[in-house]
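Hi,

Here is the structure I promised you. Have a look at it first, and then read on for what turned up.

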Amino acid sequence: MTLWKNNNARRRVRNAAWGVLCLLAWTAASAQQTITPAFRDADITQIIEAVSTITGKTFIVDPRVRANVTILSSTPMTPEAFYQAFLSILQVHGFMAVESGNVTKILPDANARQVPANDLPASVSPTSDEIVTQVIEVRNINAAQLVPSLRPLIPQQGHLAYIPGTNTLVISDRASNVHRLMRIIARLDRAGDDEIDVIRLENASAAEIVRVVNTLFAGRAGAQQGADSANTVKVVADDRTNSVLISGEQSQRLRMRALITHLDTPLETGGDTQVRYLEYADAEALAAKLKEQVQGIVQAAGQGGQQQGQASQAERSVTIWADPQNNALVVTAPPKIMRQIMSIVDKLDIRRAQVQVEAILVEITATKASELGINWAIDGTNSNSTVPIGTFNQPVGGTSILDIIQGIANPENIPAGALRGVTLGAGRFRDNGTNFAVLLRALRGDGNSNIISTPSIVTLDNEEAEIKVAQEVPFITGQYAATGATPGGTNFINPFTTIQREEVGNILKITPQINRGDTVLLKIEQESSSLSQGVEGAVDLITNKRTISTKVMVEDGGIIVLGGLIDDVARESENRFPILGSVPIIGELFKTRSGQTEKRNLMVFIRPTILRDGVQAAIETNAKYNLLRDQQLRRGTRVSLLPGERQPTLPPIEELSRYADPTAGSTPPAPGTDRTRIIPVQPQAPVDTQPQPDEGDSPEPRNVPTPESTQELRPRSQ
């Protein structure tokens with residue numbers, strides 16, 4: 001401890017001596033205003049005192065400023081140079097000098113961002129180490145692109161920010177580093193030579209040239225994703241002027257111009273016929289539409305006598321016909337009209353979306369009916385009664401007392417339903433005296449029905465579809481008989497009956513239209529019909545029919561109610577004998593009563609689902625398929641009482657569909673990449689024999705293989 005104190009004391013004495021020598025040196029040479037500093041392991045506060053004495057500046061030192069400094073110089077320095085050296089010392093030891101009026105504050109570098117310094121100076125010194133804040137406006141490039149490159153050049157205590165609205169950079173750091181960054185930004189902020197070249201094509205189609213060029217450089221562009229995007233060239237087609245626009249670096253533009261110029265050469269034989277294989281459109285239907293379009297184009301182009309003649313000649317030079325076997329178009333036309341025709345085909349030959357529509361018809365019916373009544377009969381013909389015959393005969397439940405008496409007398413001819421319900425009877429049947437019979441009949445009926453029909457159908461966008469799940473029921477429309485005589489003189493009657501069959505069941509007609517935002521406009525005609533209960537034969541058939549014809553807008557996958565019926569009916573009836581039926585108690589012998597209530601709830605719902613590609617269509621199909629197969633498997637496959645026999649069951653989806661799992665495997669090629677081809681047809685000179693084409697000239701097969709999978713797609717929950 002004593003030794004350490006002695007060394008520390010010696011160091012302080014030595015530093016004080018060096019400081020005195022420096023001050024003496026500056027005092028001795030005050031006339032020349034120079035100083036030769038020589039400090040060895042001196043406390044930084046002593047350096048600050050020396051700088052304050054020499055420069056006349058007032059310093060406020062932060063308590064955290066602590067360091068031992070060594071500065072040696074062999075040549076005299078001016079006070080200004082000595083102050084700059086002092087700033088360098090502060091930078092080396094992690095401190096900074098911030099001027100605030102007539103006072104200079106000595107602070108750690110950690111406070112550099114929050115303390116005002118020399119903000120927005122007119123010029124930045126390249127040799128000063130003072131803290132400077134400068135705003136730099138970038139004129140030719142995006143300032144945000146410079147931030148990743150400049151960030152490593154800024155120390156941790158410095159600040160670099162990008163202002164999006166003004167395309168400027170804010171830099172706060174020492175003046176020497178800020179000056180260096182300003183020179184770097186000035187070198188980078190230069191207007192490039194990315195001009196735009198416009199190439200007017202004379203023979204080729206601009207859209208076709210751009211497609212070929214982009215396909216050629218697609219792989220190279222993928223390999224250069226991590227490279228500078230500024231060196232890439234962009235090629236865009238202008239169909240209106242049949243021009244190609246090129247932008248990018250000058251050497252890249254020259255290469256692209258040479259390639260496009262080479263492609264824009266006329267065919268050697270001057271052929272203007274092309275064969276276009278269609279992917280989705282119908283060749284015959286599209287050919288008729290294209291002919292109408294060409295006539296409109298030619299008529300619009302021909303104005304005046306001479307131009308009208310040229311238009312007629314151009315129309316005669318255009319031929320369009322369809323090849324149904326290959327679903328292809330063969331077009332012969334001048335280059336300008338050919339480009340217009342192919343542009344139309346590109347827009348129309350696309351995969352159309354499909355819509356799966358599921359309808360839900362729900363009908364819940366509850367009925368209650370009851371009948372109560374008394375029937376009686378008196379026979380006084382075998383007695384001295386004043387009433388030889390009397391009866392109150394009113395059917396209850398469709399059966400009266402006379403029906404039951406006839407059934408007792410002749411059991412073989414009992415009417416159907418004569419003994420339904422509860423029948424209580426009493427009477428007297430003798431050969432003499434008064435005979436009578438009394439019947440009390442009561443009948444109660446309850447009925448409940450719950451009917452759910454879920455027809456579904458898939459159709460193309462804007463195409464009407466119809467599904468029928470119905471029976472053809474015969475209806476008698478007329479009867480007549482024809483009389484005639486045979487050659488032997490025998491008369492005969494030939495009866496005729498005319499029958500018309502009507503469809504009874506569920507019939508759904510629908511036309512979907514997919515709109516923007518995944519909404520579907522549905523034109524719906526829904527019919528649900530059934531036969532009433534209790535009808536037999538083809539006479540007096542009664543059908544229950546419910547129809548809906550409407551247009552609705554539904555979201556994709558949403559459900560909406562189309563309409564419904566809530567019906568609540570109550571019926572009461574009473575049949576009685578006049579006057580006597582109104583007498584209390586006794587009147588019950590002269591009347592029958594019945595009551596009936598019926599409640600019916602009928603609702604129709606609709607749910608559309610857009611199927612935009614084959615994957616979505618396969619998912620919906622596989623889900624329905626697997627749902628039915630699971631239901632068959634749950635019932636079991638064995639046949640009772642027939643060992644070895646099994647019930648028919650749907651095979652697994654993998655054995656039938658190439659899309660058992662549409663989400664697995666590679667994605668099929670996009671439309672227009674492999675199968676859509678435009679084959680120019682060159683006119684050949686008339687010769688006696690037709691040469692056979694080589695194997696390399698044969699067209700490629702148009703069937704694109706689709707990925708297969710062995711995984712089973714589980715049905716979605718219903």
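To judge a helix by its length, take its expected span as 1.5 Å times one less than its number of residues. Keep in mind that this is a predicted model.

Start with helix α8, residues 250-263: its 14 residues should span 20 Å, and the end C-alpha atoms are indeed 20 Å apart, so the two agree. Buried in α8 are R253, M256 and I260. Looking down the axis, the buried residues of α8 fall within an arc of 70°, which means they line one face of the helix. Covering them are, among others, β10 (196-200), α6 (206-216), β11 (234-238) and β12 (243-247). On the face turned away from that buried side you'll find L254 and H262, both exposed.

Next, a little open sheet: three strands in the order β2-β5-β4, with mixed pairing. Its edge strands are β2 (58-61) and β4 (95-100), each pairing on one side only. From one strand to the next, the twist averages 30°. β2 runs parallel to β5 (103-108), with four bridges between them, and F59 sits opposite T104 of β5. Helix α2 (44-55) packs on the sheet, touching β2, β4 and β5, with its direction at about 160° to that of β2. Helix α3 (79-92) also lies across β2, β4 and β5, at about 130° to β4.

Last one: is S528, in strand β23 (519-531), buried or exposed? S528 is buried, because its relative accessible area is 12% and the cut-off for buried is under 20%. Its side chain makes a polar contact with the side chain of N506, at 3.1 Å.

Cheers

How values were computed: Residues are numbered from 1 along each chain as its sequence is written. This is a predicted model: local features need pLDDT of at least 70, side-chain atom pairs count only at pLDDT 80 or more; totals for chains, interfaces and linings use all residues. Side-chain values use heavy atoms; hydrogens and water are left out. Helices (H or I, at least four residues) and strands (E, at least two) are DSSP runs, numbered from the N terminus. Buried means under 20% relative accessible area, exposed over 50%, partly exposed in between (1.4 Å probe, protein chains only). The arc is that of the directions from the helix axis to the C-beta atoms. Contact means heavy atoms within 4.5 Å. A polar contact is a pair of N or O atoms within 3.5 Å; within protein, one must be able to donate a hydrogen and the other to accept it, and residues adjacent in sequence count only if both atoms are side-chain atoms. Two strands pair if DSSP finds at least two bridges between them. Axes are lines fitted to C-alpha atoms, for helices over the stretch in contact, and angles run from 0 to 180 degrees between N-to-C directions.
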